[in-house]
Amino acid sequence: MDTAAKLHKVHRLDPTVMNAETVLKMATCEGAKALGMGHLVGCLKPGLKADLIILGLNKPHLTPLYHAYSHLVYAAGGADVDTVFINGKLVMENRQLLTINEKEAMTRVRDIAVQVKKSFEN
């Protein structure tokens, strides 16, 4: 979101274009529409799949919080996500994955990486 907002500002040479509210809407509701999925996801409305993240805001780079939209677009990142709901189901809480064994998944990915690396050596 940060990059999208700044690219528009530079392109137009106008720091007021693409305010944070517009950028957040572009990344959620409008992004879903662009992918042809606006009837399924993108906004919190009855009948749509409820995907939701909760950020932990008690961090130095997010303090003080003057404008929530600006914080989401320009300051917050993936590492600030604390809790995640996908289709209404809690899948991560307090940064702990609840639906997969993280250690096992990383071991499997490392094994796959070894195989991929070997395939390049032949």
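1. Let us start with some vocabulary. Ala, Val, Leu, Ile, Met, Phe, Trp, Tyr, Cys and Pro count as nonpolar, Asp, Glu, Lys and Arg as charged, and the others, Gly among them, as polar. With those classes in hand, look at the largest pocket: its lining has 16 nonpolar, four polar and two charged residues. Please keep in mind as you read that this is a predicted model.

2. Now for the pocket itself. It holds about 590 Å³ of space. In total, 22 residues line the largest pocket, and L24, T28, D51, L52 and I53 are the ones nearest its centre. Try finding those five in the structure above, and you will have the middle of the pocket in view. As a general point, rolling a probe the size of a water molecule over the atoms shows where empty space is left.

3. Which elements each supply at least two residues of the lining of the largest pocket? They are helix α2 (20-27) and the strands β1 (52-55) and β2 (81-86). The largest share, four residues, is the contribution of β1.

4. T28, one of the residues nearest the pocket centre, deserves a second look. T28 sits in the loop between α2 and α3. Its relative accessible area is 32%, so T28 is partly exposed: the value falls between the 20% and 50% cut-offs. T28 and V41 are 13 residues apart in sequence, and their C-alpha atoms are 8.4 Å apart in space.

5. Next along the chain comes a cysteine with a partner. The whole structure has one disulfide. The bond joins C29 to C43, with 1.8 Å from S to S. The two cysteines are 14 residues apart and link distant parts of the chain: C29 belongs to helix α3 (residues 29-34), while C43 is in the loop between α3 and β1. Is C29 buried or exposed? C29 has 17% relative accessibility, and buried means under 20%, so C29 counts as buried.

6. Helix α3 also contains A34. Here the picture is the opposite of buried: A34 has 69% relative accessibility and therefore counts as exposed, the cut-off being over 50%. Between the C-alpha atoms of A34 and Y74, which are 40 residues apart along the chain, the separation is 22 Å.

7. Helix α5 (residues 102-121) offers a nice check that you can repeat yourself. At 1.5 Å a residue, its 20 residues should span 28 Å, and the end C-alpha atoms are 29 Å apart, which agrees. A reminder about such helices: an α-helix has 3.6 residues a turn, so residues three or four places apart point the same way.

8. What caps the N-terminal end of α5? The cap is N101, with a side-chain oxygen 3.1 Å from the backbone nitrogen of K103. E102 is part of helix α5. With a relative accessible area of 40%, E102 is partly exposed. E102 and E30 are 72 residues apart in sequence, and 32 Å separates them in space, C-alpha to C-alpha.

9. D80 is worth finding too. Its place is in the loop between α4 (68-75) and β2. D80 has 5% relative accessibility, which is under the 20% cut-off, so D80 counts as buried. The D80 side chain reaches the backbone nitrogen of G77 at 2.8 Å.

10. Finally, some backbone features to check. Most residues other than glycine have a negative phi, and most peptide bonds are trans. Where is there a cis peptide bond? One joins T63 and P64, with omega about -5°. P64 is in the loop between β1 and α4.

11. Two residues have a positive phi to look at. For L13, phi is near 50°, although L13 is a residue other than glycine. M18 is not a glycine either, and its phi is positive at about 60°. L13 is found in the loop between α1 (2-12) and α2, and M18 also has its place between α1 and α2. As for accessibility, L13 counts as exposed at 75%, whereas M18 is buried, with a relative accessible area of 15%.

Note on methods: Residues numbered from 1 in each chain as written. Predicted model: local features only at pLDDT ≥ 70, side-chain atom pairs only at ≥ 80, totals over all residues. Heavy atoms only, no water. 1 Å grid on protein atoms, 1.4 Å probe; cavity = no way out; pocket = protein on both sides within 12 Å on 5 of 7 lines; lining within 4 Å. Points joined across faces, edges and corners; volume = space filled by probe spheres on them. Disulfide = S-S within 2.5 Å. Buried < 20%, exposed > 50% of the residue type's maximum accessible area, 1.4 Å probe, protein only. Expected span 1.5 Å × (residues − 1). Polar contact = N/O pair within 3.5 Å; in protein donor to acceptor, adjacent residues only side chain to side chain.
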